[in-house]
Amino acid sequence: MEYSRLGTTGLQVSRICLGMMSYGDPEKMEWTLPEERAEPIVRRAAEAGVTFFDTADVYSAGASEVITGNVLRRLFPRREEYVLATKVYFPMGKGRNDRGLSRKHIMAAIDASLERLGTDYVDLYQIHRWDDETPIEETMEALHDVVRAGKVRYLGASSMWAWQFAKAQHVAEVNGWTKFVSMQNHYNLLYREEEREMLPLCLDQGVGVIPWSPLARGVLARAGTAQETTRQESDGRIDYLYEPENDQVVLERVAQVARERELPAAQVALAWLLRQPAVTAPIVGATKDRHVDDAVAAVDVELSEKDLAFLSEAYTPRDVRM
């Protein structure tokens, strides 16, 4: 495993981040794994050198945070040995203030997350989306206060427009508040619209990029096959995020490089992403041992400049999907 600083911070993270959204309550989301099935997979990742783990309060209505906290405490003797990230924004109840990025919700949400995770602090606290109903000044001051209280070490953001991210950073800077150090955005071989503005902004400002869905919800991992999974059959967002008529040529090229290099398609797709400027650590979900193995192995896969160009040039621009 390789390790890298997150943006310009001193925080060291593994080049692969294990996404914990796949662990929760199967009765609520049939493709998620309960704790007893999740632990061996997380253990496999930890033993391979993965030290970066990402979840969110909304995943399985909090069950993912509970599982994440329980498993990581058993796997790591010391809290300082791993980097834990979670998020705030989406509804966690039926109340009008059980959502968003108001001071009221942020203060309640971080305490609830810490309780579910069973820890005193979160290394990286991220806003899951932009909140149009709350002034960004209120959000950034509340996040700064959470950092000052010792409940959070660093702040991160997730999918939004580049101008929104720039505005948030400016508001924090002029007020002497804590700025975001990372951007968790949608980026993979099938979706590269972030290359227009967000990635150049992050590169210029020294912000670490930790893409979500680096394998396009598993679509890239199945390049060259007709195999479908439980998640693909039950996840309606796949149809929203991707465009089969435009994606096929990219998938065919991933499959071709995989055949030529005698590698799984997942390793090829992740290796491409790991070589992109600004990318610190893709957030990879895993429900099988081979998912972990492919992600870890991808760190050492060296694609040639010809391979990288061959994979990149087939992309067709499309509408922004967040």
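## Accessibility of D111 and its salt bridge to K151

In this predicted model, D111 has a relative accessibility of 36% and therefore counts as partly exposed, since that class spans the values between the 20% limit for buried and the 50% limit for exposed residues. The side chain of D111 meets that of K151 in a salt bridge, with an N to O distance of 2.7 Å. D111 belongs to helix 3, whereas K151 lies in the loop between helix 4 and strand 7, so the pair ties together parts that are 40 residues apart in sequence. K151 is likewise partly exposed, because its relative accessible area is 25%.

## A salt bridge between helix 3 and helix 4

The side chains of R103 and D145 also form a salt bridge, at 2.6 Å from N to O. The pair links distant parts of the chain: R103 is in helix 3 (residues 103-117) and D145 is in helix 4 (residues 136-148), with their positions 42 residues apart in sequence. R103 counts as partly exposed at 31% relative accessibility, and D145 counts as partly exposed at 28%.

## The network at helix 1 and helix 2

A further salt bridge joins the side chains of E35 and R74, again with an N to O distance of 2.6 Å. Its two residues come from distant parts of the chain, E35 from helix 1 (residues 35-47) and R74 from helix 2 (residues 63-75), and they are 39 residues apart. The relative accessibility of R74 is 46%, so this residue counts as partly exposed.

E35 and R74 also take part in a network of salt bridges that includes E39 and R43. Side chains of opposite charge can pair when their charged atoms come close. Across the whole structure, a search finds 20 salt bridges.

## Strand 8 and its parallel neighbours

Strand 8 (180-184) is mostly covered, as five of its five residues are buried. Strand 7 (residues 152-158) runs parallel to strand 8 and is joined to it by four bridges. Within this pairing, G156 stands opposite S182 of strand 8. The chain passes from strand 7 through helix 5 to strand 8 in a β-α-β crossover that is right-handed.

Strand 8 is also joined to strand 9, by two bridges, and these two strands run parallel. Here M183 has V209 of strand 9 as its bridge partner. Strand 8, helix 6 and strand 9 together make a right-handed β-α-β unit.

## The buried face of helix 6

Helix 6 spans residues 198-205, and its buried residues are M198, L199 and C202. Viewed down the axis of helix 6, the buried residues fall within an arc of 95 degrees, so they line one face of the helix. An α-helix has 3.6 residues a turn, so residues three or four places apart point the same way.

The elements that cover the buried residues of helix 6 include helix 5 (162-175), strand 8 and strand 9 (208-209). Strand 8 and strand 9 thus appear in two roles: they contribute to this cover, and they make the right-handed β-α-β unit with helix 6. After helix 6 comes G206, which has a positive phi, near 70 degrees.

How values were computed. Residues numbered from 1 in each chain as written. Predicted model: local features only at pLDDT ≥ 70, side-chain atom pairs only at ≥ 80, totals over all residues. Heavy atoms only, no water. Buried < 20%, exposed > 50% of the residue type's maximum accessible area, 1.4 Å probe, protein only. Arc of directions from axis to C-beta. Contact = heavy atoms within 4.5 Å. Pairing = 2+ DSSP bridges. Right-handed = clockwise from strand over helix to strand, strands pointing away. Salt bridge = Lys/Arg side-chain N within 4 Å of Asp/Glu carboxyl O.
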